[in-house]
Amino acid sequence: MKKLSFMAVLALSTMLTACSSGGSGGGSSLIPTTSLPDGSTVPESGTSIQTVNNSQRRTANYENAATSAGITTEASAEEINNAYNNMKKILVDQDFSNATKEDILLSLAMAGEDIEGLKDKSLDDIKTAAQDLAIKSKAEDIYAKLGTERNLSLKDITFYEPEYDKADQAIYKFIIDKNGNLTGLQETDDGGASVLKFNRTGNGVYKNNEGLVSYGFVYNGEYGRKYEEEVTFAKSTSVEDVKTSLKTAVKAHWGNEPEDTLNAILAFIDTLDLTNGLIDENVCEKQGNCAYKDNDVDTATVKLDNKGQDVGLKYADFGTITYDIKAGNESGKDIALFYGGYEALSAQAKDLPQIDTEMNFEGKALANVWAEHKDTEIETSKLYDGTANLTFKDGKETLVADFTDWHKVTLETNTSAYRGYDISVSGTAKDAAYTLENPGLAGADIKYYGENPKNPDEVVGSATFWGNNDTHRVDAEMVFGGTRK
């Protein structure tokens with residue numbers, strides 16, 4: 001996937017990153033928010049994901065079951081935990097050793113079973129009744145959702161940028177202060193080498209006033225091979241911290257190179273004069289063994305606009321991040337895509353039941369598409385809206401994303417394929433310049449979410465791909481999200 005420089009205006013968000021030692025600049029006004037109760041959202045954050053606090057629900061479920069089983073004593077937190085663990089041991093693990101009649105009846109009631117007809121039965125009869133696959137499945141679901149006390153909020157959310165290379169993939173986290181207030185957004189990139197903090201200034205809007213600057217180098221390796229890195233930092237970052245971050249980026253991107261080669265690149269970074277020894281970027285890229293400075297940005301603003309609210313997502317989200325940058329008298333704006341949610345509530349296809357399982361999800365999709373004319377090298381981009389339908393069946397996934405005025409994109413599981421999926425496109429693009437033919441898949445990522453991740457309620461994901469037509473090279477990335485039907 002092609003990435004544009006700052007001066008060409010950002011097309012992908014990984015161009016806006018900074019060193020972790022840089023911090024966030026002053027001048028932004030803070031709009032505080034308070035900690036949230038169960039089920040609340042923070043629309044001002046830019047995401048529609050709801051908080052998850054199951055304390056009341058797990059206690060109420062236990063108390064209702066205890067009443068049904070004739071247990072009247074008020075339970076402590078430890079007793080409630082023990083009751084859920086016993087339910088798992090008895091109904092899920094089918095371990096009845098040392099289980100009393102009262103234990104089994106309480107476990108059955110906690111799993112949602114009507115136990116009135118069992119109270120007069122013998123212990124052996126109750127054990128037999130509890131050895132039911134449908135009850136086991138219900139108990140597994142209840143335990144996954146309520147067996148452990150869970151309190152999740154904005155601080156537990158991770159968003160990703162679509163990317164073909166995990167070392168290049170931008171990661172976004174909300175910044176929460178010690179009082180639980182939302183104060184900013186943090187973007188991490190280059191294998192952890194780059195971290196940029198934006199202060200919250202409005203509803204879903206975050207701004208860095210400190211300013212950004214990029215440093216890069218080109219190293220001439222053996223056999224004419226060139227090794228290049230460029231990372232963007234806060235302007236206050238020291239030379240030593242820049243070098244440290246460049247080394248981290250090198251290890252992330254070139255860590256599989258022979259040890260002698262990797263050590264030579266790292267040693268070369270130590271020799272760089274990042275104060276007086278910088279040359280023009282284009283010259284450096286041609287000659288090698290040099291360093292350059294690029295992109296002197298005064299302010300950078302990002303705005304999150306989510307689509308999850310449109311399809312009813314609660315544990316995950318997807319949407320756009322609009323970048324607005326100013327460098328001297330120049331300014332630029334562009335859009336990147338994001339997806340993700342609660343890491344603690346996520347799963348992938350390999351984590352789900354692989355046999356006799358079918359799940360269907362419906363929702364929406366976004367595609368960001370770049371078209372570069374082969375002769376003039378002039379590049380333009382468009383954002384397309386579409387629908388998304390995903391089927392998971394017996395371990396295999398089929399995603400159909402149908403974009404208005406563009407193409408229908410289909411991803412299908414293929415474990416022998418390079419990226420684990422086959423990709424195809426159909427239909428006719430309304431604008432011929434954006435017609436994508438013979439697609440190649442750069443990367444794909446599908447994540448499932450729910451309080452029981454093995455029985456998920458939601459899905460979000462991404463794909464990056466490219467193709468050609470008679471006049472243009474076309475690059476595209478998409479994100480999508482949907483709820484289970």
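These are my notebook entries on two sheets, a pocket and the aromatic pairs of a predicted model.

**Entry 1: the nine-stranded sheet**

I began with the sheet built from 9 strands, which is open and antiparallel in its pairing. Reading across, I noted the order E15-E21-E22-E23-E16-E17-E18-E19-E20. Strand E15 (346–347) and strand E20 (421–426) are the edge strands, and each of them pairs on one side only.

Next I followed the neighbours E16, E17 and E18. Strand E16 (residues 358–373) runs antiparallel to strand E17 (residues 379–393), and I found 15 bridges between them. As a landmark for this pair I wrote down phenylalanine 361, which stands opposite leucine 390 in E17. How many residues lie between E16 and E17 in their hairpin? There are 5, and in that turn glutamate 377 has a positive phi of about 60 degrees.

E17 also pairs with strand E18 (residues 396–403), again antiparallel, through 8 bridges. Here glycine 386 faces phenylalanine 403 in E18 as its opposite residue. The hairpin of E17 and E18 has 2 residues between the strands. Which residue takes a positive phi there? It is aspartate 394, with a value near 50 degrees.

Towards the E20 edge, I looked up strand E19 (residues 408–413), which is joined to E20 by 6 bridges and runs antiparallel to E20. Lysine 408 has serine 426 in E20 as its bridge partner. A reminder to myself: strands of a sheet pair through backbone hydrogen bonds, either parallel or antiparallel.

**Entry 2: the four-stranded sheet and its helices**

I then moved to an open sheet of 4 strands, with the order E9-E8-E11-E10 and mixed pairing. Why is one side of E9 and of E10 left without a neighbour in the sheet? Strand E9 (226–234) and strand E10 (278–279) stand at the edges and have a single partner strand each, so one side of each stays unpaired in the sheet.

In the middle of the order, strand E8 (residues 212–220) and strand E11 (residues 290–297) run antiparallel and share 6 bridges. Glycine 216 is opposite tyrosine 292 in E11.

Helix H6 (residues 239–254) packs on this sheet, where it touches E8 and E9, and its direction makes about 130 degrees with that of E9. I also checked helix H7 (residues 259–271), which lies across E8, E9 and E11 and runs at about 130 degrees to E8.

**Entry 3: aromatic pairs**

My ring search gave 15 aromatic pairs in the structure. I picked out one cluster, in which ring pairs link Phe217, Tyr219, Tyr227, Trp254 and Phe268. By numbering, Phe217 and Tyr219 fall in E8, Tyr227 in E9, Trp254 in H6 and Phe268 in H7.

**Entry 4: the second largest pocket**

Last, I looked at the second largest pocket, with a volume of about 300 Å³. Its lining includes Lys88 and Val92, along with Ser137, Lys138, Glu140, Asp141, Tyr143 and Ala144. Pro353, Asn452, Lys454 and Asn455 are also among the lining residues. Which elements give two or more residues to this lining? They are helix H2 (77–92) and helix H5 (133–146). H5 supplies the largest share, 6 residues. Sorted by class, I count 4 nonpolar, 3 polar and 5 charged residues in the lining.

Methods. Residues are numbered from 1 along each chain as its sequence is written. This is a predicted model: local features need pLDDT of at least 70, side-chain atom pairs count only at pLDDT 80 or more; totals for chains, interfaces and linings use all residues. Side-chain values use heavy atoms; hydrogens and water are left out. Two strands pair if DSSP finds at least two bridges between them. Contact means heavy atoms within 4.5 Å. Axes are lines fitted to C-alpha atoms, for helices over the stretch in contact, and angles run from 0 to 180 degrees between N-to-C directions. On a 1 Å grid over the protein atoms alone, a cavity is a set of points where a 1.4 Å probe fits but cannot get out, and a pocket is an open set with protein on both sides within 12 Å along at least five of seven lines; lining residues have an atom within 4 Å of a point. Grid points are joined across faces, edges and corners, and a volume is the space filled by probe spheres set on the points. Ala, Val, Leu, Ile, Met, Phe, Trp, Tyr, Cys and Pro count as nonpolar, Asp, Glu, Lys and Arg as charged, and the others, Gly among them, as polar. Rings of Phe, Tyr and Trp (its six-membered ring) pair if their centres lie within 6.5 Å; planes under 30 degrees apart count as stacked, over 60 as edge-to-face and the rest as tilted.
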